[in-house]
Amino acid sequence: MIQRLFSVLTVIGLFAFMTLTFTADADAAQVSLAWDGAAGSVSGYRLFTRTQAQTYDYASPTWDGTTNTCTLDGLDESAIHYFVVRAYDSQGNESTDSNEVMFRASSPASIPAQTSDPVPPDLPTALTPAGNAQGVALEPELVTSPFKDPTAGDYHTNTRWQVFRSDDDVLVFDLYSNIYLTRLSVPPLVLDGGGAYYWTAQHYNQAGAGSPPASSLTFSTADRAADADADGVPDSQEIAAETDLDRDGRSDGEQADMIRFLSVSGDQKIGLQASAASATVRLEAAQSVDASTVSNPKAFQPSLPVGLYNFKITLDQPGESVMVKIHFSNQVNEQNHFYMFDPAMGYIDFGTAGLIAPDGQTAAFTFQDGGEGDMDGVENGIIVSLGGYGSTPPPQTAPAVASGSASGGGGGGGGCFISTLLNP
Ligand SMILES: [Ca+2]
Ligand SMILES: [Ca+2]
Ligand SMILES: [Ca+2]
């Protein structure tokens with residue numbers, strides 16, 4: 001069971017504060033939501049649900065009742081769900097939204113326990129990068145042989161990809177994916193320039209049975225892009241002039257805890273600072289990345305006006321959470337959403353609330369080694385992250401009217417109306 005507590009947002013109008021929280025059973029795609037009672041003469045509550053890249057349909061609550069909790073099941077495990085609750089009174093007045101909570105039914109790292117399937121898939125062969133390859137790209141494509149399973153009818157559903165550092169056998173990348181079955185591109189900054197690594201993969205069938213790991217292949221990476229001052233920022237993105245991105249009155253170049261770089265597009269200067277409650281953290285490298293160069297496992301692709309920020313943090317206590325402040329030279333419009341990239345789940349919309357300071361120039365996020373916001377998928381004292389801000393492009397097709405929705409509530413014709421608007 002996962003339990004998370006979300007911050008309070010003010011519900012403006014009739015009702016005072018409501019805090020929405022949830023508990024989730026990740027295996028059953030079931031989520032229980034709870035909220036504290038709103039002040040005022042409340043007649044009931046309505047719960048609204050959206051998935052990524054959609055907006056709430058306030059005409060069609062997912063749930064309507066008088067209790068302060070509800071349980072939803074049968075959620076689509078491949079989607080990320082968002083929820084808000086509203087209170088209403090007997091006059092038909094409705095509050096604004098509570099805080100929004102996000103729920104992912106499937107965890108990126110939900111590698112199944114070995115099943116009792118007596119005949120797992122065959123051992124795959126690691127093909128590319130070939131054994132002892134030199135000068136391999138920093139975001140190499142790993143390729144295995146095709147899936148083979150001795151049991152007729154068994155088929156390939158997932159692959160676990162692992163990359164280890166040769167010097168000390170530290171696992172630097174661990175991804176369990178139902179998208180990248182025989183090919184995977186390692187995301188940027190996971191691998192260091194001029195480093196020695198070895199990699200392996202396991203194929204899983206539909207019963208959750210995993211093959212033995214492929215015989216590993218070693219390779220060494222090419223050097224990183226030129227970085228004359230060795231600060232972890234490529235020369236091409238170096239900010240030459242002095243800045244004071246955190247507006248503390250000190251020049252950022254003299255602040256050892258700040259790393260700065262120029263965005264690949266949109267003329268944004270970005271400064272990062274990282275800190276942790278009880279660990280020593282170090283910003284090893286940072287860069288701006290063109291989103292079109294990143295392999296996206298899902299169709300959802302936000303529009304990112306200044307590209308993606310990409311950074312690597314090392315910390316002396318594996319598993320710790322790190323607070324990262326991101327400073328921007330140009331104000332980020334409050335309509336923008338922040339997105340975090342996950343190699344298994346794609347872009348995850350973190351919305352806007354509570355992430356950016358009122359001046360629009362500083363956002364703060366918490367990243368956990370092996371958890372939220374860490375692309376390497378493993379608790380190893382390294383956090384590699386990719387994210388950006390921007391907007392969700394309008395859907396290309398009209399959203400389907402939710403099937404199994406409890407009440408039509410006037411929403412029946414909504415889908416048709418939207419589709420009419422969208423058709424040129
Ligand atoms: Ca540099
Ligand atoms: Ca400063
Ligand atoms: Ca990690």
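**Notes on strand E20 and Asn 296**

1. Let's begin in the sheet: strand E20 and strand E23 (residues 321-328) run antiparallel and are joined by six bridges. Please keep in mind as you look that this is a predicted model. One pair to find on screen is Ala 274, which stands opposite Val 324 in E23.

2. Now turn to another partner of E20. Strand E19 (residues 258-262) is antiparallel to E20, with five bridges between them. Here you can look for Ile 259, which has Leu 272 of E20 opposite it.

3. How many residues lie between E19 and E20 in their hairpin? There are six, and Gly 266, in the turn, has a positive phi of about 80°.

4. Is strand E20 mostly covered or mostly open? E20 spans residues 269-275, and five of its seven residues are buried, leaving the strand mostly covered. As you trace a strand, a general point may help: side chains in a regular strand alternate between the two faces of the sheet.

5. Next, a loop residue. Asn 296 sits in the loop that links strand E21 (281-289) with strand E22 (308-315). Asn 296 counts as partly exposed because it has 14 C-beta neighbours inside 10 Å, a count that falls between the limits of 12 or fewer for exposed and 20 or more for buried.

6. Which residues does Asn 296 contact, leaving aside neighbours within four places in sequence? They are Gln 301 and Gly 346. You can also compare positions along the chain and in space: Ile 179 is 117 residues from Asn 296 along the chain, and their C-alpha atoms are separated by 9.8 Å.

Conventions
Residues numbered from 1 in each chain as written. Chains lettered and ligands numbered in written order. Predicted model: local features only at pLDDT ≥ 70, side-chain atom pairs only at ≥ 80, totals over all residues. Helix = DSSP H or I, 4+ residues; strand = E, 2+ residues; numbered from the N terminus. Contact = placed C-beta atoms within 7 Å. Pairing = 2+ DSSP bridges.
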